[in-house]
Amino acid sequence: MLVKEEEILKTYFGYETFRPGQKETIEHILKLENTLAVMPTGGGKSLCYQIPGLSRNGTAIIISPLISLMKDQVDSLNSLGIPAAYINSSLTAAEQQDTLAGIAAGEYKFVYVAPERFESGRFVQVIRNIPLSLVAFDEAHCISQWGHDFRPSYRSIISNLKQLSNIPVFVALTATATEEVIGDIQSLLRMDHVVNTGFERENLSFHLIKGRDRSSYIRSFLEEHPEESGIIYAATRKQTDSLYAQLSSRGVPVAKYHGGLSEEERKEAQTAFIHDEKPVMIATNAFGMGIDKSNVRYVIHYAMPMNIESYYQEAGRAGRDGEPSDCILLFSPQDIQLQKFLIEQSMMEDEAKQLEYRKLQAMINYCHTHGCLTSFILDYFHDDASRETCGRCSNCVERQEKTDLTTEAQMILSCVKRMGERFGVGMTAKVLKGSGDKKLKEFGLKSLTTYGILSAYTERELTEWIHFLIAEQLLDTEEGRFPILKLNRNSVDVLKGNRKVEMFTAPIPSSDEADYQ
Ligand code: ADP
């Protein structure tokens with residue numbers, strides 16, 4: 001099987017063997033079965049439609065929300081001698097006309113377009129009248145409102161497309177799809193098959209750093225890795241500017257990128273980064289979509305992102321060449337407040353906000369789990385390929401010795417119960433500490449038997465422990481801006497002494513860190 005396609009793999013692309021999932025996807029497409037391919041970044045999704053596109057007659061239409069990537073894709077196909085074009089708003093009206101004429105004449109094997117193109121009657125008219133080999137949706141998670149990057153224009157074209165009678169097969173591709181997103185894509189595009197290779201990228205090592213001054217961490221990290229290319233994601237433009245100023249004044253070859261810069265400045269920064277003239281990029285999450293730089297050795301998040309989907313996508317820009325690379329998240333408790341503020345400020349409907357809060361909670365849990373970080377992420381994506389712990393992440397490497405914390409956990413859980421399961425993490429930590437905060441008196445919490453029951457610990461430590469219990473699902477939170485703590489079945493097991501609670505003796509953040517104040 002696939003003799004011709006293996007030939008194409010070798011002669012056009014110069015590769016000997018297919019990567020996981022590629023062959024299966026290609027086989028389905030050639031049988032004209034609509035197929036969704038879920039593969040990690042760098043997994044080789046493009047070949048999944050490029051090979052059938054070359055093998056079949058007609059033109060392949062690739063719909064992509066990433067205008068910046070289209071030119072690169074087209075250039076690289078052209079350099080392999082494959083006729084390809086893109087048509088988007090970056091072309092002049094005359095260029096668009098020329099390209100359309102070329103498409104109408106069937107000159108191209110591949111045409112890349114943005115979803116908005118389907119709003120133009122002219123374009124639809126042209127592709128209606130030529131033989132098509134397939135239609136592919138790149139970054140297909142943008143179709144789903146469960147996705148982290150929902151584009152309404154993406155969804156609205158589906159009904160237009162379905163009216164075209166000359167589309168033999170639909171292909172959808174994505175690197176970030178939760179079960180809900182996969183379900184959505186499947187039903188919207190009537191997929192016959194899902195080829196899911198899993199998400200694990202064995203060359204990435206995840207690290208979680210807490211309780212360190214972040215700027216000094218980054219400075220020493222860069223001193224230790226002077227020759228390497230990496231991306232540092234800041235949470236805001238302001239943070240990006242200030243980090244950029246700090247590092248460039250120290251002579252680090254750094255570029256910066258955020259939505260507040262002009263298009264020209266952004267382009268310049270991006271080019272300098274890609275060509276390794278400035279191998280370190282400091283940016284907000286505006287940077288990265290469609291950046292295909294293979295030798296990124298590390299991605300550092302200066303602050304916690306808003307959800308695991310964005311985190312995995314951004315962190316996943318490291319190591320596209322398959323070489324070992326690091327993904328480092330610098331966590332500080334105040335990040336939680338910032339993300340909540342951003343959700344609260346957004347124009348989303350209430351229901352959408354609740355969903356964002358739920359996703360944020362998973363991100364917070366990631367920052368507090370004592371289990372394997374890689375497994376945590378893969379579990380989140382319901383990637384249930386059987387696996388042990390990764391042995392590479394900071395939790396696997398550093399957290400060796402466990403301490404029995406069952407008694408303390410019981411005290412915390414019974415305090416939640418005595419507080420009537422009506423309060424959040426902060427208030428509970430205060431009661432356990434025996435804080436003099438006036439609010440405790442107002443709410444009548446000072447008279448509880450659990451008031452001050454863990455006064456030997458700092459409020460910071462107690463907060464950390466409560467988050468740990470949530471992350472380990474020994475305690476629930478009600479969704480919302482101020483999540484209320486609730487006991488669950490596991491909590492009852494712990495309270496009854498039927499379940500042990502163990503914590504790794506990793507250092508708990510000390511309170512003297514400048515960043516935390
Ligand atoms: P994705 O879109 O999944 O992030 P790409 O399609 O850009 O990934 O592929 C990532 C890199 O892997 C590209 O440089 C591509 O040429 C290379 N690649 C794809 N398939 C193979 C293969 N079968 N063997 C070797 N390299 C491959």
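## Parallel strands, two cores and a ligand shell

Strands β2 and β4 (residues 110–113) run parallel and are joined by four bridges. This is a predicted model. In one of these bridges, Ile 63 has Val 113 of β4 as its partner. β2 also pairs with strand β5 (residues 132–137), again in the parallel sense, over five bridges. Here Ile 63 stands opposite Phe 137. Ile 63 therefore has a partner in β4 and one in β5.

How enclosed is β2 (residues 59–63)? Five of its five residues are buried, so the strand is largely enclosed by the rest of the structure. Its residues split by direction: Thr 59, Ile 61 and Ile 63 point one way, Ala 60 and Ile 62 the other. Such alternation between the two faces of the sheet is what a regular strand shows.

Strand β1 (residues 35–38) repeats the theme. Thr 35 and Ala 37 point one way, Leu 36 and Val 38 the other, and all are buried. β1 runs parallel to β6, with four bridges between them. Leu 36 has Ala 172 as its bridge partner in β6. β1 pairs with strand β7 (residues 193–196) as well, in the parallel sense and over four bridges. In that pairing Thr 35 stands opposite His 193.

**Cores**

The largest nonpolar core counts 54 residues. Ile 61, Val 111, Leu 134, Ala 136, Val 171 and Ala 172 have the most contacts inside it. Beyond its neighbours within four places in sequence, Ala 172 is in contact with Leu 36, Phe 137, Ala 140, Ile 185, Leu 189 and Met 191. Leu 36 is thus both a contact of Ala 172 and its bridge partner. Another core of 53 residues lies apart from the largest one, and includes Val 254, Val 299, Leu 329 and Tyr 380. In soluble globular proteins, nonpolar side chains tend to be buried together.

**The chain as a whole**

The chain has 21 helices and 17 strands. Of its 517 residues, 42% are buried. Take the contacts between residues at least 6 apart in sequence: 74% of them join residues at least 24 apart.

**Ligand shell**

There are 13 residues around the ligand, and Tyr 15, Gly 43, Gly 44, Lys 45 and Ser 46 come nearest. By type, the shell holds four nonpolar, six polar and three charged residues. Which helix gives the most to this shell? Helix α3 (residues 45–55) does, with three residues.

**Single residues**

Four residues are set side by side below, by their C-beta surroundings.

| Residue | C-beta count | State |
|---|---|---|
| Thr 176 | 22 neighbours inside 10 Å | buried |
| Phe 206 | 23 neighbours inside 10 Å | buried |
| Glu 139 | 23 other C-beta atoms within 10 Å | buried |
| Arg 190 | 11 neighbours inside 10 Å | exposed |

Thr 176 sits in the loop between β6 (170–174) and α8 (179–188). Leaving aside neighbours within four places in sequence, Thr 176 is in contact with His 141, Glu 309, Tyr 312 and Gln 313. Its C-alpha atom is 8.3 Å from that of Glu 139, which is 37 residues away along the chain.

Glu 139 is in the loop between β5 and α7 (152–162). Its phi is positive, about 50°, although it is not a glycine. Arg 190 also has a positive phi of about 50° without being a glycine. Arg 190 is placed in the loop between α8 and β7. Buried or exposed, where does Arg 190 fall? With 11 C-beta neighbours inside 10 Å, Arg 190 counts as exposed, because the exposed class takes 12 or fewer.

Phe 206 belongs to strand β8 (residues 204–210). Phe 206 and Ser 394 lie 188 residues apart in sequence, yet 6.4 Å apart from C-alpha to C-alpha. Outside its neighbours within four places in sequence, Phe 206 is in contact with Cys 327, Leu 373, Thr 374, Cys 393 and Ser 394.

**Helix α14**

Does the length of α14 fall short of expectation, or agree with it? Its 17 residues (350–366), at 1.5 Å a residue, should span 24 Å. The end C-alpha atoms are 25 Å apart, which agrees. Its buried residues are Glu 356, Tyr 357, Lys 359, Leu 360, Met 363, Ile 364 and Tyr 366. Among the elements covering them are α12 (308–315), α13 (334–345), α15 (373–380) and α20 (459–471).

Key. Residues numbered from 1 in each chain as written. Predicted model: local features only at pLDDT ≥ 70, side-chain atom pairs only at ≥ 80, totals over all residues. Near = placed C-beta within 6 Å. Nonpolar A, V, L, I, M, F, W, Y, C, P; charged D, E, K, R; others polar. Core = buried A, V, L, I, M, F, W, Y, C linked by C-beta atoms within 7 Å. Buried ≥ 20, exposed ≤ 12 C-beta atoms within 10 Å, placed from the backbone. Contact = placed C-beta atoms within 7 Å. Pairing = 2+ DSSP bridges. Expected span 1.5 Å × (residues − 1).
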